[in-house]
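Subject: Structure for your review

Dear colleague,

Please find below the sequence and the structure that I would like to hand over to you. A description of what was found follows, and I would ask you to read it with the structure open.

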Amino acid sequence: MSTNCPTDIDLRSAHEASMVIVHHVPPELTDRFVTLQEEITEAGKLAPGYVRTEVYPPAEEDSDQWVVVMTFTDHASLERWFECPERLRRVEKVSEEIGSFTIRKVPTGFGAWFARVDADGEAAAVDELPGWKMVLVVLLALYPTVMLITTFVNPWIVGLGLAATILVGNILGVCLLQWAFMPPLTSALQRWIKTPVSKAPLLNLAGTVGIVVILGVVMSLFHQLSD
């Protein structure tokens, strides 16, 4: 493996802030909802600190739940957009034409991965989740993802050059996190993620120590593979 071509998946998301909006859209209003959401996105792009908008259609055929995640560079920028008259005017239009919705503000840019952490399929109150827990869960998925790509993929594409190798690695890494690793991981750890330390200190301690131990074991395994 080449030590000159690491897979550099960006962790700036930990410093960002997101707004997670959950809509229940009747099938016959899907096209109208998409149009209205595109208009909100275009307005958001003009707001200071805007980073991106992600729109997730229903995960199942019999579901009408759409999840929209708007991300800003920091909490202050998110708050300005949240109170912006332009946003308020446009979301009122969505409410009138499509129906009511649920909105949460997330302390990190990882909102999309934790928006459906509740087992009942409804959006979790991700604004109440500790940022350190979300970062730790992402790290638990991110570290082995990066090591797998660095160990088994990069040696085959290193001839493409540093820039191309990192690009391919990031594409693979983000896809694996989005569709393969984060959904089952957040589901498996949802009790630990949602339970406040004050209510179950032993559960929180056990979960935190468990994640640290798993990371240590994974590090040891990859250290042996790289020797």
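Of the 227 residues in the chain, 40% are buried. Please keep in mind that this is a predicted model. The accessible surface amounts to about 12300 Å², and carbon and sulfur atoms account for 62% of that area.

The chain contains 8 helices and 4 strands. Followed along the sequence, these elements appear in the order β-α-β-β-α-α-β-α-α-α-α-α. If one takes the contacts between residues at least 6 apart in sequence, 71% of them join residues at least 24 apart.

I turn next to the interior. In soluble globular proteins, nonpolar side chains tend to be buried together. The largest nonpolar core here has 20 residues, and the members that touch the most others are Met-19, Phe-33, Ile-40, Met-70, Phe-72, Trp-81 and Ile-98. Two or more residues of this core come from each of strand E1 (17-24), helix H1 (30-45), strand E3 (65-72), helix H2 (75-83) and helix H3 (85-97). A second core, separate from this one, has 15 residues, among them Val-146, Leu-185, Ile-193 and Leu-215.

Trp-81 is a useful residue to select in your viewer. Apart from residues up to four places away in sequence, Trp-81 touches Met-19, Ile-40, Ala-43, Gly-44, Ala-47, Met-70, Phe-72 and Arg-87. Phe-82 lies in helix H2. With neighbours within four places again left aside, Phe-82 is in contact with Met-19, Arg-87, Leu-88, Ile-103 and Lys-105. Phe-82 and Lys-105 are 23 residues apart along the chain, and their C-alpha atoms are separated by 9.2 Å.

Nonpolar residues are also found on the surface. Leu-202, Leu-205, Val-209, Val-213, Val-217 and Leu-221 make a nonpolar surface patch of about 570 Å². Of these, Val-213 belongs to helix H8 (residues 201-226). Val-213 counts as partly exposed because its relative accessibility is 47%, a value between the limits of 20% and 50%.

The charged residues deserve a separate look. Side chains of opposite charge can pair when their charged atoms come close. How many salt bridges does a search of the whole structure find? The search finds 6. One of the pairs is Lys-45 with Glu-42, at 3.1 Å from N to O. Both residues lie in helix H1, 3 residues apart, which is about one turn of the helix. Lys-45 is partly exposed, at a relative accessible area of 45%, and Glu-42 is also partly exposed, at 45%.

Glu-86 and Arg-90 form another salt bridge, at 2.6 Å from N to O. These two residues are 4 apart in helix H3, so about one helical turn separates them. Salt bridges with shared partners link Glu-39, Glu-86, Arg-89 and Arg-90 into one network. A further salt bridge joins Arg-52 and Glu-54, whose closest N and O atoms are 3.7 Å apart. Arg-52 is partly exposed at 25%, and Glu-54 is partly exposed at 24%.

Lastly, the count of disulfides is 0. Two cysteines may be noted here: Cys-84 is partly exposed, with 22% relative accessibility, and Cys-175 is partly exposed as well, with 34%.

Yours sincerely

Terms used. Residues numbered from 1 in each chain as written. Predicted model: local features only at pLDDT ≥ 70, side-chain atom pairs only at ≥ 80, totals over all residues. Heavy atoms only, no water. Core = buried A, V, L, I, M, F, W, Y, C linked by side-chain atoms within 4.5 Å. Buried < 20%, exposed > 50% of the residue type's maximum accessible area, 1.4 Å probe, protein only. Contact = heavy atoms within 4.5 Å. Patch = residues over 30% accessible without salt bridge, like charges linked within 9 Å, V, L, I, M, F, W, Y side chains within 5 Å. Areas by Shrake-Rupley, 256 points an atom, 1.4 Å probe, with all protein chains shown as cover. Salt bridge = Lys/Arg side-chain N within 4 Å of Asp/Glu carboxyl O. Disulfide = S-S within 2.5 Å.
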